[in-house]
Amino acid sequence: MRLELGEIHISDIKLGDCSKVENGTLYVNVEELRALLLEDEDLASVDFEVVHPGESVRVLPVKDVIEPRVKVEGNGGVFPGVISKVGTVGSGKTHVLKGCAVVTTGKVVGFQEGIIDMSGPGADYTPFSKLHNLVMICEPKEGIKQHQHEHAIRMAGLKAATYLGELARTLTPDETKVYETSGVMSGKEKYPDLPRVGYVLMLQSQGLLHDTYVYGVDMKRSMPTILNPTETMDGAILSGNCVSACDKNTTYHHLNNPVIADLLEQHGKTLNFVGVIITNENVYLMDKERSSDWSTKLAQFLELDGALVSQEGFGNPDTDLIMNCKKLEAAGIKTVIITDEYAGRDGASQSLADADPAADAVVTGGNANMVIHLPKMDKVIGHPEAANIIAGGFDGALEPDGSITAELQVITGATNEMGFNKLSAR
Amino acid sequence: MSFRVVHYINQFFAQIGGEEKADYAPEYREGAVGPGLALNTAFKGEAEIVGTVICGDSYFNENLDAAKATVLKMISDAKPDVVICGPAFNAGRYGVACGTVAAAVKDELGLPVVTGMYEENPGADMFKNKVYIIATKNNAAGMRQAAPKMAALALKLAKGEKVGASAEEGYMPNGLRVNFFEAERGSTRAVKMLLNKLAGKPYTTEFPMPSFDRVAPGPAITDLAHTTIALVTSGGIVPKGNPDHIESSSASKFGRYDISSFEDLTAADHETAHGGYDPVYANEDADRVLPVDVLRKMEKEGKIGGIYPYFFTTVGNGTAVASAKKYGEAIGKELRDAGIKAAILTST
Amino acid sequence: MVKEIERAGVTVVHMCTVTPISMTVGANRIVPTIAIPHPLGNPALTHEEEFELRYKLVEKALKAFQTPVDDQTIFD
């Protein structure tokens, strides 16, 4: 597949009368966008705020972060099977509004949403403090069930990102990146001497607020399968989960998967990036055994020499991670795994719930139990008291002066296990 | 005002002699000796070695208690702010001596202390979890690289500054995970690690696999019909409203609630506080996580003697092993004191 | 927690779904359960069927209590 990703650099967002992109500024007509989103009867209201890097503002609880993109040429449309009709994506031309994102927030659906601080110590731990964000505060209709509530906010975020992405359709990109991948046979012919490397992308699939969707399919209902690396760039994989904000893969992470980017960077030079194997993290032991058997089987089928495995979440998925790693190594495929840690506030506890000597090459996104003090911000968008109950927070986490003392867990994307950040631990 | 440092070295580095002088008894000299000069330079005026304690490696290891006491007194008499031992590189007896002195300085004198040695030095495994050990090369040619790291860490400790991760400061991983920012993002580090692994080149894992201790299995219950069973769960089942606000993740406490009046748990009286799984099913019927209804039936049928009147609950989501250990100890103590011999623990 | 309670002299049966974690961490008597969000239940069944299922699982726990073990054992 060949995909041209054209980036339009956005350096500001302003609310205005007409939605457009001009000279690097994204103008948004919120009335128009609001009308579009309120077509969903499960939403009672949607309000908008714009936040910029460096501002003293906090957003919580954060549900998802989505980057505006649009398919300009080639098969399918962005977010296939969910927003666009189903159709294989990942080839042709796609435009991206780079430097901005849609952030969804609103009443807490469950225990898992997170915090984004645009300045201060908290800003160092989330990549989203570096973006200009259009924050959408979505409130549900009274009495709707949790599943409906989650669905409504998820769809609102995707629709808004699609609406904004559309503004980039006829623009000339500031920068274009070209990605080209080969099929199995032609790849082998082209790069006979390079090690064959695959990426096993583990997706959270454990139920309400813990799900991931691939071309609209709930990943818990899917067997592990193969994707072309560029399909994720058009939104083939979407987030329906905030598993603990720090190690949840937001939709933004899926669109900008750093493992895929770094492997493509090396493709044809130091390695042959053969493909992506996506697998799930289900709640039944038999599913865990079956999925890890299947991922390994696919890796062997592709005759991989090496595999990079990224996890999503922690706790029982540590078993999926270790099973994947053990079985790949036993099949002779050299493996590196990317995870994060829950080593306790003092860093002294075992960081993973499961372990095996075969997992001897580990990259870590840091200890999520580390305690952080987030100073009060001049402005808080959303519901500040959520800090007391979200994962990583506790009763009293929100102090009377507005500051928050909680674990790193609460910060959206802080210990991301795709290796998106530079945070690590030793 | 510069910090006062006392330096501990062996007979070789004090240029007294080699093996033939390894029985040298402890001696205190004013100022810096041998490698102490390199350390002084590295301090850049912020600290100064006021005195050096010299001891032969054989003398120290063969007269452990007496030598330790003498050395400790010499050190404390000099009133240092921080102590440095070695570096010992790959010299085994020297490494053990440095580690022993450092641990004693920390525990008995309550002073900050740094030592250094090669990772294969027997002193390393013995002491790396007790004191900071800077990882050095395996011979004295590594002094140029070791001295600045030891000096820097010593200054940080003397100033009471926060110590960074082992990879940042250069000390051997000591069992405490510390976050820090790498130069490159995780995915890039992972790709590089994989390329090294594929090429058969050396690589260093960022996280060595943990090990878990074991406990001997409890005895089989011979008279179940007259045994009271206690119920414990990590699935976060709590009375409706979570009255004690047990956290949805990384629980800081466990709850102890009366179930003596319950035949069955329902959505009206119980819910889950656990943030790591879809709560819908547990909220509908908490018996799906804490099987009170079944155990009550078994009690009526005479299969078990009864259910302990209190159940214990916490949230296992992202809760550190050390925390869980604490709660387990407290719960175990209560059950033991109450004469309870059997417990079912359910997890999600 | 399982190990600490057992260390106190109480015989413990760990009823859990992800038995590899229980094995790695070191529980001695393990009974595998249905699924993470409902270890002792199955919402696809009727209330009566679920009670039956739950009863059978707890019976395994009772069997585990009565069985002397030297090493980690899964009671399937």
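These legends walk you through four close-up views of a predicted model.

**View 1. Where chain C meets chain B.** Start with the contact between these two chains: 40 residues of chain C touch 45 residues of chain B. Look along chain C for α1 (2-7), β1 (11-16), α2 (19-25) and α3 (47-66), since each of these elements brings at least two residues to the side facing chain B. Which element of chain C gives the most to that side? It is α3(C), with eight residues. By residue type, the side of chain C that touches chain B holds 23 nonpolar, ten polar and seven charged residues.

**View 2. A strand pair shared by chains B and C.** Zoom in on β1(C), and you will find strand β13 of chain B, residues 342-346, paired with it. The two strands run parallel and are joined by five bridges. To find your place in the pair, pick out B:Ile344; its bridge partner in β1(C) is C:Val13. For a newcomer, a little background may help here: strands of a sheet pair through backbone hydrogen bonds, and they do so either parallel or antiparallel.

**View 3. Where chain A meets chain B.** Now turn to chain A, which has 67 residues in contact with 49 residues of chain B. Five stretches are worth finding on the chain A side, each giving two or more residues: α5 (258-266), β19 (306-310), β20 (334-341), β21 (362-367) and β25 (423-425). The largest share, six residues, belongs to β21(A). In all, the side of chain A that touches chain B is made up of 31 nonpolar, 25 polar and eleven charged residues. One of the listed elements, β25(A), also pairs with strand β7 of chain B, residues 179-181. Three bridges link these two strands, and the pairing is antiparallel. Look for A:Leu423, which stands opposite B:Phe181 in β7(B).

**View 4. An open sheet in chain A.** Here four strands of chain A line up in the order β7-β8-β1-β12, with mixed pairing. Why does one side of β7 (69-73) and of β12 (175-180) lack a neighbour in the sheet? Both strands stand at the edges with a single partner strand each, so one side of each is left free of a neighbour there. From one strand to the next, the twist averages 25°. At the β7(A) edge, follow the antiparallel pairing with β8(A), residues 92-98, which is made by four bridges. Within this pair, A:Glu73 stands opposite A:Lys93 of β8(A).

Technical notes:
Residues are numbered from 1 along each chain as its sequence is written. Chains are lettered from A and ligands numbered from 1 in the order in which they are written. This is a predicted model: local features need pLDDT of at least 70, side-chain atom pairs count only at pLDDT 80 or more; totals for chains, interfaces and linings use all residues. Two residues are in contact if their C-beta atoms, placed from the backbone, lie within 7 Å. Ala, Val, Leu, Ile, Met, Phe, Trp, Tyr, Cys and Pro count as nonpolar, Asp, Glu, Lys and Arg as charged, and the others, Gly among them, as polar. Two strands pair if DSSP finds at least two bridges between them. Axes are lines fitted to C-alpha atoms, for helices over the stretch in contact, and angles run from 0 to 180 degrees between N-to-C directions.
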